[in-house]
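Hello,

Here is the structure I said I would pass on. Please open it first, then read the notes below it.

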Amino acid sequence: MIITDVSVRVFRHRTRRHSDSAGHAHPGPPHDVETAILTIRTEDGDEGHSFAPREIVRPHVIDKFVKKVLIGQDHRDRERLWHELAHWQRGSAAQLTDRTLAVVDCALWDLAGRVLGQPVHKLIGSYRDRVPAYGSIMCGDELEGGLATPEDYGRFAETLVKRGYKGIKLHTWMPPVSWAPDVRMDIRACAAVREAVGPDIALMIDAYHWYSRTDALQLGRGLEKLGFAWIEEPMDEQSLASYRWLAENLDIPVVGPESAAGKHWQRAEWITSGACDILRTGVNDVGGITPALKTMHLAEAFGMECEVHGNTAMNLQVVAASKPCRWYERGLLHPFLEYDDGFDYLRTLSDPMDADGFVQVPDRPGLGEDIDFEHIENNRVA
Ligand SMILES: O=C(O)[C@H](O)[C@@H](O)[C@@H](O)C(=O)NO
Ligand SMILES: [Mg+2]
């Protein structure tokens with residue numbers, strides 16, 4: 001049970017996803033990227049793993065904070081270890097981020113699942129073994145036949161419905177796209193998708209994240225006419241007052257916060273301030289599975305739904321264990337990319353979706369990732 005080591009391996013893998021200057025993903029030629037795998041090991045030789053960008057688990061962070069809290073401790077004490085690590089954030093000179101808390105917490109949950117031979121959602125106390133997915137489309141671009149026009153979005157949405165999705169979320173155009181942001185273009189893309197898929201598919205938008213209150217209001221009013229299920233992150237989430245104002249002035253549900261700092265404590269403020277109609281959490285956004293579950297319980301206590309940000313095995317485990325959550329966010333998707341090709345360091349998809357739009361939660365132990373350790377060793381860079 002006692003943790004004896006925390007290690008990081010950095011390896012190279014191929015992808016066609018490229019990040020733009022605002023951090024949003026777009027398709028491009030295949031290229032090599034580096035990813036890290038954090039491993040927590042016990043005296044019994046048991047191991048738990050979780051993936052992260054290499055900077056998130058760089059030696060300074062692992063040696064100065066993570067090892068100090070974890071080494072010599074009982075790996076099953078996730079609640080205490082999470083709080084002890086979180087308390088190091090205040091004095092870390094902003095070096096210990098919620099993302100690092102998340103990768104450590106996920107590796108501890110993975111370890112517990114592997115030791116007991118159970119998927120994480122069964123350890124938590126599962127709610128379901130399969131979850132409905134919405135297709136989360138990448139931000140718009142200026143690629144011929146990509147996501148450059150409202151008609152491109154409409155055509156792609158038709159493809160997603162044929163694939164089985166019963167919900168679709170549009171990330172519309174944002175800088176560095178030369179003419180973005182543009183509320184009218186956002187509404188035109190949403191209208192083209194509604195026209196293409198008909199009234200029975202749930203549609204949502206995740207818009208440019210720095211609109212003014214009046215722009216966000218205009219966008220929301222336009223989406224109400226199209227029967228959209230929610231509007232997400234149309235303004236800077238640091239302004240609670242702006243979201244309270246928007247939620248008061250719109251009928252379409254406002255979802256949030258996704259990127260606002262403060263973990264489940266900040267999400268309590270959004271609920272009590274009336275800043276959202278549907279709450280939002282995400283394992284990487286709030287510091288792990290442990291605080292993501294706390295957020296779910298908050299939402300339930302206030303009679304609210306709570307949607308989970310992002311794909312990946314750890315978010316799927318939270319969705320599977322949570323009644324307040326309606327969807328699994330499967331993406332990001334683009335006409336030029338085949339999402340089901342997965343990653344070359346995982347032997348199988350962590351979130352396989354059937355023709356009816358349901359993702360089957362893997363019954364593999366832990367987070368459920370089918371890790372190809374041979375690929376990792378053969379492509380080690382550190
Ligand atoms: O903002 C981003 O980097 C992406 O849009 C990403 O977070 C996306 O997954 C999202 O916002 N989903 O809700
Ligand atoms: Mg979002």
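A salt bridge is a side-chain nitrogen of Lys or Arg within 4 Å of a carboxyl oxygen of Asp or Glu. By that rule, 2 salt bridges cross the interface of domain 1 and domain 2. Keep in mind that this is a predicted model.

The domains come first. The domain assignment splits the protein into domain 1 (2-117 + 373-379) and domain 2 (123-360). Their contact takes 28 residues from domain 1 and 35 residues from domain 2. The C-alpha centres of the two domains are 25 Å apart. Together they bury about 2700 Å², with 65% of that area on carbon and sulfur atoms. On the domain 1 side, Arg17, Trp82 and Trp109 supply 23% of the area buried against domain 2, more than any other three residues.

The interface also holds 14 residue pairs in polar contact. Strand 1 (3-19), strand 2 (25-42), helix 2 (78-87) and helix 3 (98-116) each give at least two residues to the side of domain 1 that touches domain 2. Helix 3 gives the most, with 10 residues. That side of domain 1 is made up of 12 nonpolar, 8 polar and 8 charged residues.

One more residue to look at is His375, which sits in helix 13 (residues 373-378). Is His375 buried or exposed? His375 has 13% relative accessibility, so it counts as buried, the cut-off being under 20%. Apart from neighbours within four places in sequence, His375 is in contact with Phe11, Arg12, His13, Asp344 and Tyr345.

Regards

How values were computed: Residues are numbered from 1 along each chain as its sequence is written. Chains are lettered from A and ligands numbered from 1 in the order in which they are written. This is a predicted model: local features need pLDDT of at least 70, side-chain atom pairs count only at pLDDT 80 or more; totals for chains, interfaces and linings use all residues. Side-chain values use heavy atoms; hydrogens and water are left out. Helices (H or I, at least four residues) and strands (E, at least two) are DSSP runs, numbered from the N terminus. Buried means under 20% relative accessible area, exposed over 50%, partly exposed in between (1.4 Å probe, protein chains only). Contact means heavy atoms within 4.5 Å. Domain bounds come from an automatic or database domain assignment. Buried area is the accessible area (1.4 Å probe) that two parts lose on being put together, summed over both. A polar contact is a pair of N or O atoms within 3.5 Å; within protein, one must be able to donate a hydrogen and the other to accept it, and residues adjacent in sequence count only if both atoms are side-chain atoms. Ala, Val, Leu, Ile, Met, Phe, Trp, Tyr, Cys and Pro count as nonpolar, Asp, Glu, Lys and Arg as charged, and the others, Gly among them, as polar.
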